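Today I'm opening my notebook on a new chain. I want to see how its pieces fit together.

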Amino acid sequence: GEDMPIWEEEFGKSGNIIYESDSPNSILYATINQLVLILTSETTTDLEYLKVMILTYKSYILPEEFLQKLLDRYSVPESLNMESVAIRTIKARVVNVIKKWLVLSFEDFVPSMFENMKKVIEADDDYGFMDQIISIVNKRHNEPDHKLERVLSGKMSSKLMHLIDPSEYLDSIEPLELAQKLTYISFDSFKKIQTSELLKNAWASPELKYKA
């Protein structure tokens, strides 16, 4: 179930993950634990799945909860007596997911998430994983597109807004990347649309058209 600790849920357990009948690699349903287990598998890596997961996870779980699942996965229970190579691989996979997450959706992170991440990872970090994460965080803080993103999303303090000219950053960003950023920002609004609103062109009906 969704509340079960990740290390207590068997990978691939029947009923916890269901694949499309005509496409064995396409997931029809899965618990959060199963999705994270696939994401951080010690035997396989699917970069496309990693990207899709990061860009869509907010439709079914909060950023803080998603991070906690990853950190739970990072903390391998000693009682499992896993080989050191397997433990290192799992930890590295978790860190790789976090690094990719920082690159694709840095705006998802709030200070408390960084504090939690630092506490858990530094408690068992013989490989310099936290240094890798900090390096990306520092880089993202200084990137022009991140400043522009904060302006476009309204997350920048009004006291700073008048000091920032968005056009200052437009010339330094590729059109495709700018389009992606705008899409990410708009996602919070689009995910609120209910399935029923899409039936029979409901948004076009006279009594609801003003909401469209």
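Here are my notes, starting with the whole chain and moving on to the core and the helix pairs.

**Entry 1: the whole chain**

First a reminder to myself: this is a predicted model. I counted up the elements and got 10 helices and 2 strands. Reading from the N terminus, I met the two strands before any helix, since the order is β-β-α-α-α-α-α-α-α-α-α-α. The chain has 212 residues, and 33% of them are buried. I also looked at contacts between residues at least 6 apart in sequence, and 63% of those join residues at least 24 apart.

**Entry 2: the core**

Which residues of the largest nonpolar core touch the most other members? I found Phe66, Leu70, Ile98, Trp101, Met117, Ile121 and Ile133, out of 39 residues in that core. Next I checked which helices feed it: H1 (32-39), H2 (47-56), H3 (63-74), H4 (84-104), H5 (111-122) and H6 (129-141) each give at least two residues. H4 supplies the largest share, with 7 residues.

I then picked Ile121 for a closer look. Not counting neighbours within four places in sequence, Ile121 is in contact with Leu71, Tyr74, Ile98, Phe129, Met130 and Ile133.

**Entry 3: H2 against H4**

To describe two packed helices, I need the angle between their axes and the distance between the axes. For H2 and H4, the axes come within 10 Å and cross at roughly 55°. So I wrote down H2 as oblique to H4, because 55° is neither under 35 nor in the 65 to 115 range. The crossing is right-handed.

Who meets whom here? From H2 I have Leu50, Lys51, Ile54 and Leu55, and they meet Val97, Lys100, Trp101 and Leu104 of H4. Sorted by class, that contact has 6 nonpolar residues, no polar ones and 2 charged ones. Trp101 is a name I already had from the core list.

**Entry 4: H3 against H5**

How are H3 and H5 angled to each other? I got about 5°, with the axes 10 Å apart. That angle is under 35 degrees, so H3 and H5 are roughly parallel.

On the H3 side, the contact uses Pro63, Glu64, Leu67, Gln68, Leu71 and Tyr74. On the H5 side, I listed Met113, Asn116, Met117, Val120 and Ile121. The classes come out as 8 nonpolar, 2 polar and 1 charged.

Ile121 turned up again, and my earlier note has Ile121 in contact with Leu71 and Tyr74, among others. Met117 is back too, from the list of core residues that touch the most other members.

Terms used: Residues are numbered from 1 along each chain as its sequence is written. This is a predicted model: local features need pLDDT of at least 70, side-chain atom pairs count only at pLDDT 80 or more; totals for chains, interfaces and linings use all residues. Side-chain values use heavy atoms; hydrogens and water are left out. A nonpolar core is a set of buried Ala, Val, Leu, Ile, Met, Phe, Trp, Tyr and Cys residues joined through side-chain atoms within 4.5 Å. Buried means under 20% relative accessible area, exposed over 50%, partly exposed in between (1.4 Å probe, protein chains only). Helices (H or I, at least four residues) and strands (E, at least two) are DSSP runs, numbered from the N terminus. Contact means heavy atoms within 4.5 Å. Axes are lines fitted to C-alpha atoms, for helices over the stretch in contact, and angles run from 0 to 180 degrees between N-to-C directions. Angles under 35 degrees count as roughly parallel, over 145 as roughly antiparallel, 65 to 115 as roughly perpendicular and the rest as oblique. A crossing is left-handed if the near helix is turned anticlockwise from the far one by less than a right angle, and right-handed if clockwise. Ala, Val, Leu, Ile, Met, Phe, Trp, Tyr, Cys and Pro count as nonpolar, Asp, Glu, Lys and Arg as charged, and the others, Gly among them, as polar.
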